[in-house]
Amino acid sequence: MAALVAAEAAVTRGPAEAAEAAEAAELSRALSRLLPGLEADNKLGRRRALEALQRELEAARPEAPDADPAAAAAAFQGPWARLLLPRLLRCLTDPAEGCRALAVHLLDLGLRRAARPCDALPRLLPALAARLACPEPARRPPPEPCEELRLALVQLLGLAVRLGGTALAPHLDDAVRVLRCTLLDPFAAVRRESCECAAGLARATPDHFHMQSESLIGPLMQSISHQHWKVRVAVIEATGAVIQFGSGKSVDDVLPHFAQRLFDDVPQVRRAVTRVVGGWLLDLRDRYSFFHKLIPLLLSGFDDDIPDIAYEATSLWEKVGLQWQTENEESLKDKLDFAGPPPARHPSPERRPGLGCRELVFRNLAKILPAICHDVTDWVAGTRVKAAQLLAVLLLHAEDHATQHLEPILRTLLHACADEEAAVVRSCISCAELIGAFVSPEVFLKLILMTLRKSPSAPGLLVLASVVRGCPREALRPHVKVIATELAQAHICQGSENPVYGERLLLCVQAVVARSREDCRGAALPLLEVLVTVLALWGATGLGDKVQETLAALAAAEGVDGSQDLFREHLGPLLEWVAASHRDWTVHSAEVLLLDVVVTHSGPALGEALPQLVPILRSCLQPARDPALRLQLFSTLTRVLLRAQEAADARGQLRGCLDTVLKDILVPNLQWHAGRTAAAIRTAAVSCLWALVSSGVLSDKQVQEVQETLMPQILTTLEEDSQTARLLSCRIVGVFLKASDGATEPDKFIKIYPELLKRLDDVSNEVRLAATSTLVTWLERVRNEAGQCCYRSSVQHLYRELLVYLDDPERAVQDAVLEALKAGSALFPDVLVRETEAALHRHRSPAYCEQLLRHLRAAPPAQ
């Protein structure tokens, strides 16, 4: 050792060299005293020797303020390389953890102070590999058991990479062997440090790194899904550098993992992917070969939830487009010199992508689309959402170039618009609107309408509504009638009972009306037919208000005031359209519901169409037709008659059809037939008759005509099992009696009151009260008859029967009967007095009889 020190001190060639040699000799002497302690048998002795070396190295600083650092480093180089480095490297295998830690620290200090740190690499790299690398990283633990020491060793490797630079090229095998293990280290900090080291190694040895880069991709991809987001970010950034300076063959291995990181919950991870992919698109040597694979990853960032990430993705994409445009300026010369304006219906013309960006998408769209169309139907919801958003971005760039890819795009949209995820459907709607804006209607309508003809579906209607909504008005104008006519076809507008189908069908009409405005005048009838269908089949599901709004918009486009005027304009053709197959109708026929909508929404115009409507009803309400159908149509007819003054008879048109309604519709359906179905039809017919006679549109003479025709049937229906039929029959008889002017034959007139008397024993108090009220009307009619005496026995019998009900358990019935007797007492008061006195003692409570007697005695004598 002394000889070595002397040899170093003897080398002097000048003042500077002499000072350097002196400093080196002094350091060598100091180290020589301390180095033997590293061979001590006990760890305490070795630790003290290492601590003394640490103090010596940290205290060995140039004394003069203006000392040259390079000279100091040169003086340190010799003792460091010859004396300290070999012994410290042996200490890396010391059994004591503290000694190994001090050795790593001293190696760090030595590398930083040495003039030629590259000289240490041939010894340092194998030593680090011996402590950090193992033959099977995934199965065996590393030789260094302490994770903090492994971190320190990797940091030491990183320092060697930074200081060594290109000199690391001969030692790439050792460095890569270390990183393959440390990239999979259980300690997260070691993985992060290893990622930084791998990136530094790639940058330091660009001419040789490509030979080893592929071996790092596997460990990096195993760590890219690490639970710590900082590790994931570090892996992504390291992968960017490894591929940038390594082999482009690894891009295909990396892209699926990068695509998964686009769904990462941590924004920093998604940002890292965006930056790395953008960097590859700008600087990767073989980037032209990977444009169709890298572009989707970068464009996926446009719809990121974090605005900063979306902005960064947009900025990077603009740079990529400008760079590509500059690199291909010759081939783009004509497009640059004769650039046209944005399409008329461009959603954001002020933010239209640059020519380079558009060309990049257009030239790679054929390669990108198949994967996007596949992912839109993926079983993972997040993948479908991302793919649908990306498709919208691609279509925004492709503009009219999307025409040549329209068939697979529409097929994908038809499938995706049925997705359960609302985000997928929203993006698909945006895609369809972009197709409408950029593609000729002749092209997309041919494909969409052909699909709807073959298989009508809610997604197909949604796509149609969206493309129409996005299409320019001028381009759509020649096709409005074609669209409306197709939608009005029965197999399309009645294609499903699903409420969603009806909603989508309504969206189509809304889109056509909103986009075309006055241009849809020639197509108003088929559009109205579609709206009637929606209202008939799905109005009860909540679409009624939306249909009314659309009707108002269509009326405004047609130039009429409101939906009633719109129906007036087209009522005749509408009825022809509905009734074309009325001879084959059943209760399940949609036309029955359509007819109901037409007649209930036509308002006063319905009166003008009665000659057209009544024959349809007469044909469908014959006893031979489906009973359920007749019930449905009677319900419609009843609603029409209840509002006759405002609608069907607004101008007296109903009177001309009255005979047909009575004789051909009501009379056949009031005939008695056995069975519950027949009873239900009779009840419906009675309800219809009540609506007619109570609507106020018939004069007394017309009511008498109705009475002459239908009184026998109504007296029969007083015996119906249906409470509704009995109640309405009592009321109808009352109306008949009030309108009668005495023209009824006495024999027929006398037959009425016994039937009403039977109803006083009805199970329903409402029917009993109605019968009592009608009996009052019958008594008033007798009073107005010229020959009252011929009715004396009938009235006496009626008095006697009514007096029984003065003792009824129901107070309301007692009160009603008392009023009836008071009202009828003017006919034959003496007879009523005798009958009341005779019945007085038979009642449980004589109160009502006494009250009636007081009334009779107080009344003035009959004239």
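# Chatting through a helical model

Q: Let's start with one residue: is Glu399 buried or exposed?
A: Glu399 is buried, at a relative accessible area of 6%. One thing to keep in mind as we go: this is a predicted model.

Q: Got it. Where does Glu399 lie, then?
A: Glu399 sits in the loop that links helix 18 (381–398) to helix 19 (406–416).

Q: And what is the phi of Glu399?
A: Phi there is near 55°, which is a positive value in a residue other than glycine. For context, most residues other than glycine have a negative phi.

Q: Which loop holds Arg517, which also caught my eye?
A: Arg517 belongs to the loop between helix 26 (499–516) and helix 27 (524–538). Phi of Arg517 is positive too, about 50°, although Arg517 is not a glycine.

Q: How accessible is Arg517?
A: Arg517 counts as partly exposed because its relative accessibility is 39%, and the partly exposed class lies between the 20% and 50% cut-offs.

Q: Let's zoom out. How many helices and strands does the chain have?
A: The protein chain has 43 helices and 0 strands.

Q: What about the radius of gyration?
A: The chain comes out at 50 Å, whereas a compact globule of 863 residues would be near 29 Å. If you want box dimensions, the C-alpha atoms fill roughly 165 × 75 × 50 Å along the principal axes.

Q: How much of the chain counts as buried?
A: Of the 863 residues, 54% count as buried. The exposed surface amounts to about 38,700 Å², with carbon and sulfur atoms supplying 51% of that area.

Q: What share of the contacts comes from residues 24 or more positions apart?
A: Among contacts with a separation of 6 or more, 71% come from residues 24 or more positions apart.

Q: Charges next: how many positive and negative side chains are there?
A: There are 94 positive and 106 negative side chains, and the centres of the two sets lie 3 Å apart.

Q: Back to helix 27. Which contacts does Leu531 make, near neighbours aside?
A: Leu531 lies in helix 27. Not counting residues up to four places away in sequence, Leu531 touches Leu506, Val509, Val547, Thr550, Leu551 and Leu554.

Q: Is Leu531 buried or exposed?
A: Leu531 counts as buried because its relative accessibility is 1%. As for Ile714, it is 183 residues away from Leu531 in sequence and 40 Å away in space, C-alpha to C-alpha.

Q: Where is Asp94?
A: Asp94 is in the loop between helix 4 (69–91) and helix 5 (97–113). At 8% relative accessibility, Asp94 counts as buried.

Q: Which residues does Asp94 contact?
A: Setting aside neighbours within four places in sequence, Asp94 is in contact with Arg46, Cys99 and Arg100.

Q: Is Pro36 buried or exposed?
A: Pro36 is exposed, with a relative accessible area of 52%. You'll find Pro36 in the loop between helix 2 (15–34) and helix 3 (43–59).

Q: How far apart are Pro36 and Arg87?
A: They are 51 residues apart in sequence and 9.8 Å apart in space, C-alpha to C-alpha.

Q: And how far apart are Pro829 and Leu255?
A: Their C-alpha atoms are 108 Å apart, with the two positions 574 residues apart in sequence terms. Pro829 is in helix 42 (residues 829–840), and Pro829 is partly exposed, with a relative accessible area of 26%.

Q: Where does Gln645 sit?
A: Gln645 is found in the loop between helix 32 (627–642) and helix 33 (658–670). Gln645 is partly exposed, at 46% relative accessible area. The C-alpha atoms of Gln645 and Arg469 are separated by 42 Å.

Q: Last topic, confidence: what is the average pLDDT?
A: The chain averages 86, and 93% of the residues score at least 70. Over residues 1–13, though, the pLDDT is below 50, and that stretch has 16 contacts in the model beyond near neighbours in sequence. Where pLDDT is low, the predicted coordinates should not be read in detail.

Note on methods:
Residues numbered from 1 in each chain as written. Predicted model: local features only at pLDDT ≥ 70, side-chain atom pairs only at ≥ 80, totals over all residues. Heavy atoms only, no water. Helix = DSSP H or I, 4+ residues; strand = E, 2+ residues; numbered from the N terminus. Rg over C-alpha atoms; globule rule 2.2 N^0.38 Å. Buried < 20%, exposed > 50% of the residue type's maximum accessible area, 1.4 Å probe, protein only. Contact = heavy atoms within 4.5 Å. Areas by Shrake-Rupley, 256 points an atom, 1.4 Å probe, with all protein chains shown as cover. Lys, Arg positive; Asp, Glu negative; His and termini not counted. Charge placed at Lys NZ, Arg CZ, Asp CG, Glu CD. pLDDT = per-residue confidence, 0-100.
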